[in-house]
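Welcome! This short report walks through the spaces inside a protein and the ligand it holds. Have a look at the picture first, then read on.

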Amino acid sequence: MENKIASLRAKFDEELEKIQNLSELESIRVEYLGKKGSVTDLLKGMKELSNDERKSFGAKVNELKGAVAERIAEKTKELKELEVKREIEAMPEFDVSLPASLDRGSYHPITLVQRECERIFKSMGFTVEDYSEVVTDYECFESLNIPKHHPARDMQDTYYLENGQLLKSQTSAAQNAIYRKYKDALINDGVPIKAIFPGRCFRNEATDNCHENTFFQMEGVMVDKNISISNLIYFMKTMLSEVFRKDIKVRLRPGFFPFVEPGFELDISCLICGGEGCPSCKHSGWLELCPCGMIHPEVLKAGGIDPDEYTGFAFGLGLTRLAMMKYGIADIRDLNSGNLKSLSQFTDDE
Ligand code: FA5
């Protein structure tokens with residue numbers, strides 16, 4: 001019996017020596033250590049042995065099993081290192097001194113308008129903030145004066161996660177955190193809060209030419225002593241004239257959002273049809289672009305700011321719709337299409 005062990009070990013060593021790659025190694029592993037493998041087979045002959053012989057033979061078979069497994073592990077490591085080496089050797093030479101390829105990528109139209117808006121607001125003293133896409137119910141609704149079961153929640157068909165959090169349905173979800181971040185500088189040092197926060201929003205919407213389920217907004221807030229609607233209108237006008245660099249028709253009408261009072265809808269005359277009416281503006285000639293208003297006292301309070309002392313405005317610019325209007329894209333769904341042929345034709349005109 002012991003001869004069998006020795007000759008199996010010798011056979012294994014000889015075969016292992018010839019192995020060239022990991023798949024051959026796996027075959028040999030199964031051949032020796034698998035359920036029906038040669039090492040396991042050795043145990044079958046044990047029935048004919050005496051108790052003592054069986055004990056010592058069993059121990060030797062186990063020893064062989066361990067040694068075979070160890071050699072296979074060593075060989076695996078060796079072959080993996082060899083594969084990496086071969087891959088590196090097969091890589092084409094890379095010359096860092098060569099000029100860059102002329103076939104350059106391009107920015108997405110939404111990135112272009114986002115950057116443009118950021119540039120405009122930064123030049124007017126606003127900071128640009130980043131915010132999470134997964135937020136709490138408090139951030140997205142309660143801190144914005146929308147308690148649980150408030151009918152205003154139905155205005156946005158929100159995606160809830162199993163843990164109770166949700167995919168941000170509006171960039172307003174960042175307002176509370178911004179007030180908390182800057183309130184001490186406002187109260188103690190008199191530094192006005194001036195911030196914009198662009199971000200991706202998600203709503204379970206039926207899509208059409210001007211509605212997507214995933215789209216970008218850019219929120220803006222300004223809080224200080226004596227901020228009024230005139231300040232709001234000034235910043236909105238400046239932003240639109242800088243983005244479009246031509247005269248565009250806008251209208252301001254009353255709008256309801258629980259987090260502003262008074263609230264407005266700022267619409268833009270559709271630039272796809274020139275205001276005649278088309279699928280991009282739902283045949284109304286106008287496109288809702290940037291709702292806004294004076295921040296509700298309850299929202300300031302939730303942010304740790306005294307509404308008797310401070311006032312402010314907030315707006316929620318539809319960045320994706322702005323990209324549509326700026327670049328004459330008639331269907332909002334093209335922006336999420338990933339179609340490089342249509343998306344790569346816009347360039348940064350700076
Ligand atoms: C809001 O989301 C408010 N949070 C905006 C706001 C902020 C109001 C601060 C007052 C003060 P609304 O649901 O209307 O409001 O969305 C704002 C803008 O986002 C719309 O005017 C539109 O331009 C854009 N928008 C909304 N839903 C979609 C959608 N499904 N697809 C593309 N753009 C959308």
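A pocket, as the word is used here, is an open set of grid points with protein on both sides within 12 Å along at least five of seven lines. The model in front of you is a predicted one.

**The largest pocket**

With that definition in hand, we can turn to the largest pocket, which holds about 780 Å³ of space. It is lined by 40 residues, and those closest to its centre are Arg203, Glu265, Glu288, Pro291 and Arg321. Several elements give two or more residues each to this lining: strands S5, S6 (250–254), S7 (260–269), S8 (286–288), S9 (292–295) and S10, together with helix H10 (319–327). Sorted by class, the lining of the largest pocket has 18 nonpolar, eleven polar and eleven charged residues.

**The ligand and its shell**

Where does the ligand sit? The space it takes is the largest pocket. Around the ligand there are 24 residues, and the closest of them are Gln170, Ser172, Arg203, Glu205 and Glu212. Arg203 thus appears twice in our tour, since it is listed among the residues closest to the ligand and also among those closest to the centre of the largest pocket.

Which elements supply at least two residues of the shell around the ligand? Strand S5 (214–224) and strand S10 (311–318) each do so. The largest share, four residues, comes from S10. By class, the shell around the ligand consists of eleven nonpolar, seven polar and six charged residues.

Some individual atom pairs are worth finding in the viewer. The table lists three of them, each joining a polar protein atom to an atom of the ligand.

| Protein atom | Ligand atom | Distance |
|---|---|---|
| Ser172, polar side-chain atom | nitrogen | 2.8 Å |
| Glu205, polar side-chain atom | nitrogen | 3.0 Å |
| Leu289, polar backbone atom | oxygen | 3.4 Å |

How much of the ligand's accessible area does the protein cover? On its own the ligand has 670 Å² of accessible area, and the protein covers 95% of that.

**The second largest pocket**

Next comes the second largest pocket, with a volume of about 250 Å³. Its lining is made of 16 residues, of which Met236, Lys237, Leu240, Val250 and Leu266 are closest to its centre. Helix H8 (229–244), S6 and S7 are the elements that give two or more residues to this lining. H8 gives the most, with seven residues. The lining of the second largest pocket divides into eleven nonpolar, one polar and four charged residues. Strands S6 and S7 may sound familiar, as they also give residues to the lining of the largest pocket.

**Cavities**

Besides pockets, there are cavities to look for: the structure holds two of 30 Å³ or more. The second largest cavity has a volume of about 40 Å³. Its lining residues are Phe141, Ile146, Ala152, Arg153, Met155, Gln156, Gln170, Phe257, Pro258 and Phe259. Seven of these are nonpolar, two are polar and one is charged. Gln170 is a residue to remember, for it lines this second largest cavity and is also listed among the residues closest to the ligand.

**Two backbone details**

Most residues other than glycine have a negative phi, and most peptide bonds are trans. Against that background, two places deserve a look. The peptide bond from Glu261 to Pro262 is cis, with omega near 0°, and Pro262 is found in strand S7. Asn145, although not a glycine, has a positive phi of about 65°. You will find Asn145 in the loop between helix H6 (137–140) and strand S3 (166–167).

Terms used:
Residues are numbered from 1 along each chain as its sequence is written. This is a predicted model: local features need pLDDT of at least 70, side-chain atom pairs count only at pLDDT 80 or more; totals for chains, interfaces and linings use all residues. Side-chain values use heavy atoms; hydrogens and water are left out. A residue is near a molecule or strand if one of its heavy atoms lies within 4 Å of it. A polar contact is a pair of N or O atoms within 3.5 Å; within protein, one must be able to donate a hydrogen and the other to accept it, and residues adjacent in sequence count only if both atoms are side-chain atoms. Accessible areas come from the Shrake-Rupley method with a 1.4 Å probe; for residues, only the protein chains shown count as cover. On a 1 Å grid over the protein atoms alone, a cavity is a set of points where a 1.4 Å probe fits but cannot get out, and a pocket is an open set with protein on both sides within 12 Å along at least five of seven lines; lining residues have an atom within 4 Å of a point. A molecule sits in a cavity or pocket if more than half of its atoms lie within 2 Å of its grid points. Ala, Val, Leu, Ile, Met, Phe, Trp, Tyr, Cys and Pro count as nonpolar, Asp, Glu, Lys and Arg as charged, and the others, Gly among them, as polar. Grid points are joined across faces, edges and corners, and a volume is the space filled by probe spheres set on the points.
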